[in-house]
Amino acid sequence: MCRHGLDALLSVTLSPQCAACASVLDTPLAGPICARCWRQVRMLSGPLCRTCGDALPSWRIISIALEQCPRCRRGRSAVDAARAAGHYEGPLRGILHAFKYEGRRSLAEPLGAMMRAAGADLLGDADAVVPVPLHPWRRMRRGFNQADELARRLEVPTVRVLQRRRATAPQTGLSAGARRRNVRRAFTMRPSCRGRGAAGCSKGAS
Ligand SMILES: [Zn+2]
Ligand SMILES: [Zn+2]
């Protein structure tokens, strides 16, 4: 049976639902998210703050040569540059929820592609990607570490140099300040990586 026929059969007999909007999937073999939800994801588009990646009003590019948002112009940050792929709302919120909390591991592929496109200017010069580790019990319950799944799709060597020192509350619903406090001193370098180059740490628990 061709893929189209199998899709139709699955759709009619099992009526699998889109993991984001719950409508019946026309092409379940294409993944757990319907085409309409993917189309409605709002990607972040320029102009962007060259430091934190936040969207800028277009006039700022003309009036301020630094191309930075007010927050980044006010103070120094520990982060030199950051990028986000899309607006965390509507379909993308549902897609990420399905990925993280409903075990939809296959979503790492299209989400990784989104990250590669959004971060192309930074990833081109990157030496390595360091995924943030999950606490072991959460990793066991989820079955995978979503950060590791995404990191492995960025086409840059993945270096698992961090380990978690303690479990932290979910960041969902917390303000920016509360998020920072939540993860303060939560991570450290894996003992086996200390004093070794990135290559020595490329393997390890995800
Ligand atoms: Zn949908
Ligand atoms: Zn900024």
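This briefing describes a zinc site and the surroundings of one glutamine. The model is predicted: local features require pLDDT of at least 70 and side-chain atom pairs pLDDT 80 or more, while totals for chains, interfaces and linings use all residues. Residues are numbered from 1 along each chain as its sequence is written, chains are lettered from A and ligands numbered from 1 in the order in which they are written, and side-chain values use heavy atoms, without hydrogens and water.

**Zinc site**
- Cys18 (SG), Cys21 (SG), Cys34 (SG) and Cys37 (SG) are the protein donors of the zinc ion (ligand 1), 2.3 Å from it; donors are N, O and S atoms within 2.8 Å of the metal (3.2 Å for Na, K and Ca), and water is not among the atoms, so sites may look incomplete.
- The arrangement is tetrahedral because the four donor atoms subtend angles of 105 to 116° (for four donors, all angles must lie between 85 and 135 degrees).
- The spacing of the donor residues in sequence is C-x2-C-x12-C-x2-C.
- Cysteine 21, in the loop between α1 (3-13) and α2 (35-40), and cysteine 37, in helix α2, are 16 residues apart and link distant parts of the chain.
- Cysteine 21 is partly exposed at 33% relative accessible area, whereas cysteine 37 is buried at 4% (buried is under 20%, exposed over 50%, partly exposed in between; 1.4 Å probe, protein chains only).

**Glutamine 146**
- Glutamine 146 belongs to helix α9 (residues 146-151); helices are DSSP runs (H or I) of at least four residues, numbered from the N terminus.
- Glutamine 146 is buried, with 13% relative accessibility.
- Beyond its neighbours within four places in sequence, glutamine 146 contacts Phe99, Lys100 and Leu134 (heavy atoms within 4.5 Å).

Notes
Tetrahedral: all angles 85-135°; square planar, octahedral: opposite > 155°, others 65-115°. Helix = DSSP H or I, 4+ residues; strand = E, 2+ residues; numbered from the N terminus.
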